[in-house]
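Hi everyone, thanks for making the time today. I'd like to walk you through one structure, starting with the overall picture and ending at the ligands.

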Amino acid sequence: MPGLVIIGAQWGDEGKGKITDLLAEGADVVVRFQGGNNAGHTIVRNGETWKLHLMPSGILHPNKLCVIGNGVVIDPKVLTDELDELRRRGVDTGALRISANAHLIMPYHMLLDHAGEMRLGKLEIGTTRRGIGPCYADKAARLGIRVQDLLDEKILKKKIVAALEPKRLGLRDFAKDPQLDLQTMTEEYLTYGHRIKQYITDTSKLVCDHLDRGEMVLFEGAQGTLLDIDHGTYPFVTSSNPIAGSACIGAGVGPKDIDEIWGITKAYSTRVGAGPFPTELDGPMAADLRERGHEYGTTTGRERRVGWLDLVALRYAARINSLTALALTKLDVLSGQERLLVATAYRGPEDAEFDHFPYHQTVLHHASGIYQELPGWEEDISACRSEDELPQAARDYLRFIEEFVKVPIALIGVGPGRDEVIWTKAGAATHAGSTAALAG
Ligand code: GDP
Ligand code: IMO
Ligand code: MG
């Protein structure tokens, strides 16, 4: 099982960081392949919490090769701050590698992100304002500045001038902002280049070499399927492709190098930012679920919107990503609910029913869930470590999901800690791989 992709099967924040850290035990390399520091991946180990934004979630494993692939957009200030913080907490970051081809988030990208949201007003996307959209826009416009450009002052300056030229109008309000001074910006970015120089390499070749040796590579996605710029709820999406197909592009490997694709889903749904959310809850029920699940953004601290599990969207994610397994997190958060609802279809405009994820924006904006009601359970399940220990109603909930989505559940999360998981029979082979790696 040399190539395993981990992606978010919902709107992000499904627990990708925790699952990546866990599976990293049996892996040789962990690669981030898209997104940037809009991501916030949490790992809880021995009571200590780690919030990673750019660093692959394998970084806490000593000597595990961690790669920031070409598909990631890097804010070098955030990267160097994250490196400093990890070192301060005693983490060895020597096994980090950064693609020379990854694009850089520049000060003007953040200003443009902010200005774009202000301009949209009520129609805002609710971005993380980290400059992600404008950076990917420059990449597509072939005006991007890449990691390799940090190593040559003349090239860097020339590229900044070329990138700024068509943005003059959009940046008019910031004309006097010292961050935009050419010399200041060039010097600041050259300093970053100097600091990360030791990590920069041809990461595509590096990852392929490891795959050729039969080693296990984890491809860690950020965001989630429904935030995908092509397949998500456009325009309320991020500006990259968080789906599994993007792992090849963002890491520089071929489709045949991917053997397994794990979709991470919560036992319910959340979304940060604006856009359609057919199973959204409001009122006391939403407040209760938000509190129990601590549903506040890792990156921006914003309240996450919460809702019932959306099986229409999850089945869509299974198709778009060719999921081979699901990891279902936060099952513990549902304890104490008398009944649980899961959406098995949508009701759209004019009472039309949809059993597949609608492609049309107008339909999606008016869609609400048609629910199947399932019995809940009272017990605290956080100490359960095998499926047999779970209450019957919890097992029935899991079976219903598996049968509806037609993808086996390999791993169940029953708490934030890395050991608070249940490996199912479907996940046994991967678990054996991780345990063997631990022992060996
Ligand atoms: P990511 O962006 O997909 O890595 O997810 P985040 O880290 O943004 O959000 C997931 C949150 O849920 C984090 O605070 C995790 O510590 C927490 N978490 C992950 N798995 C579980 C679980 O099984 N149970 C509970 N209660 N919390 C979990
Ligand atoms: P992880 O990897 C949840 C959302 C933002 C906004 C939209 C566009 O932690 O799951 P952007 O800044 O990307 O242009 O914002 O995407 N968003 C996320 N939501 N988890 C994330 O990452 C997200 N990254 C971006 O809230 O709605
Ligand atoms: Mg997150």
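**A walk through the model**

Let me start with a small detail in one helix: Lys205 and Asp209 sit 4 residues apart in helix 7, which covers residues 203–212, so about one helical turn separates them. Their side chains meet in a salt bridge, with an N to O distance of 2.9 Å. Lys205 is partly exposed, at 48% relative accessible area, and Asp209 is also partly exposed, at 28%. Please keep in mind throughout that this is a predicted model.

Now let me step back to the whole protein. It has 13 helices and 20 strands. Along the principal axes, the C-alpha atoms fill a box of roughly 65 × 60 × 40 Å. How does the radius of gyration fit with that of a compact globule? For 440 residues, the expected value would be near 22 Å, and the protein has 22 Å, so the two agree.

A few totals go with that. Buried residues account for 57% of the 440 residues. If we take contacts between residues at least 6 apart in sequence, 75% of them join residues at least 24 apart. On the outside, the protein exposes about 18500 Å², and carbon and sulfur atoms supply 52% of that area.

Back to charged pairs. Side chains of opposite charge can pair when their charged atoms come close. How many salt bridges does a search of the whole structure find? The count is 27.

One of them joins Arg45 and Asp21, at 3.0 Å from N to O. Arg45 belongs to strand 3, residues 41–45, while Asp21 belongs to helix 1, residues 16–23, so this pair ties together parts that are 24 residues apart in sequence. Are these two residues buried or exposed? Arg45 is buried, and Asp21 is buried as well.

Arg87 and Asp84 give us another local pair. Their side chains form a salt bridge at 3.6 Å, N to O. Both belong to helix 2, residues 76–88, and they are 3 residues apart, so about one helical turn lies between them. Arg87 is partly exposed, with a relative accessible area of 37%, and Asp84 is partly exposed too, at 31%.

There is also a network of salt bridges, and it links Asp13, Lys266, Glu295, Arg304 and Lys330. Please hold on to Asp13 and Arg304 from that network, as both will come up again with the ligands.

Let's turn to ligand 1. It has 20 residues around it, and the ones that come nearest are Gly15, Lys16, Gly17, Thr42 and Asp332. As for Asp13, an N or O atom of its side chain is 2.9 Å from an oxygen atom of ligand 1. Gly17 takes part through its backbone, where an N or O atom lies 2.8 Å from a ligand 1 oxygen. Arg304 has a polar side-chain atom 3.3 Å from an oxygen atom of ligand 1. Taken alone, ligand 1 exposes 590 Å², and the protein buries 91% of that.

Next comes ligand 2. Which residues come nearest to it? Of the 20 around it, they are Asp13, Lys16, His41, Thr128 and Thr238. So Lys16 is on the nearest list for ligand 1 and on the one for ligand 2.

Here are the polar distances for ligand 2. The side chain of His41 has an N or O atom 2.7 Å from one of its oxygen atoms. For the side chain of Thr128, the corresponding distance is 2.6 Å. Gln223 comes in through its backbone, with an N or O atom 2.8 Å from an oxygen atom of ligand 2. On its own, ligand 2 exposes 550 Å², of which the protein buries 98%.

My last stop is Gly221. Where is Gly221 found? It is in the loop between strand 10, residues 217–220, and helix 8, residues 245–251. Gly221 has a relative accessible area of 0%, so it counts as buried. Leaving aside residues up to four places away in sequence, Gly221 touches Ile6, Lys16, Phe33, Gln34 and His41. Two of those names, Lys16 and His41, we just met among the residues nearest to ligand 2. For a sense of distance, the C-alpha atoms of Gly221 and Pro107 are separated by 25 Å, and those residues are 114 apart along the chain.

That's my tour, and I'm happy to take questions.

Note on methods: Residues are numbered from 1 along each chain as its sequence is written. Chains are lettered from A and ligands numbered from 1 in the order in which they are written. This is a predicted model: local features need pLDDT of at least 70, side-chain atom pairs count only at pLDDT 80 or more; totals for chains, interfaces and linings use all residues. Side-chain values use heavy atoms; hydrogens and water are left out. A salt bridge is a side-chain nitrogen of Lys or Arg within 4 Å of a carboxyl oxygen of Asp or Glu. Helices (H or I, at least four residues) and strands (E, at least two) are DSSP runs, numbered from the N terminus. Buried means under 20% relative accessible area, exposed over 50%, partly exposed in between (1.4 Å probe, protein chains only). Contact means heavy atoms within 4.5 Å. A residue is near a molecule or strand if one of its heavy atoms lies within 4 Å of it. A polar contact is a pair of N or O atoms within 3.5 Å; within protein, one must be able to donate a hydrogen and the other to accept it, and residues adjacent in sequence count only if both atoms are side-chain atoms. Accessible areas come from the Shrake-Rupley method with a 1.4 Å probe; for residues, only the protein chains shown count as cover. The radius of gyration is taken over C-alpha atoms; the globule rule is 2.2 Å times the number of residues to the power 0.38.
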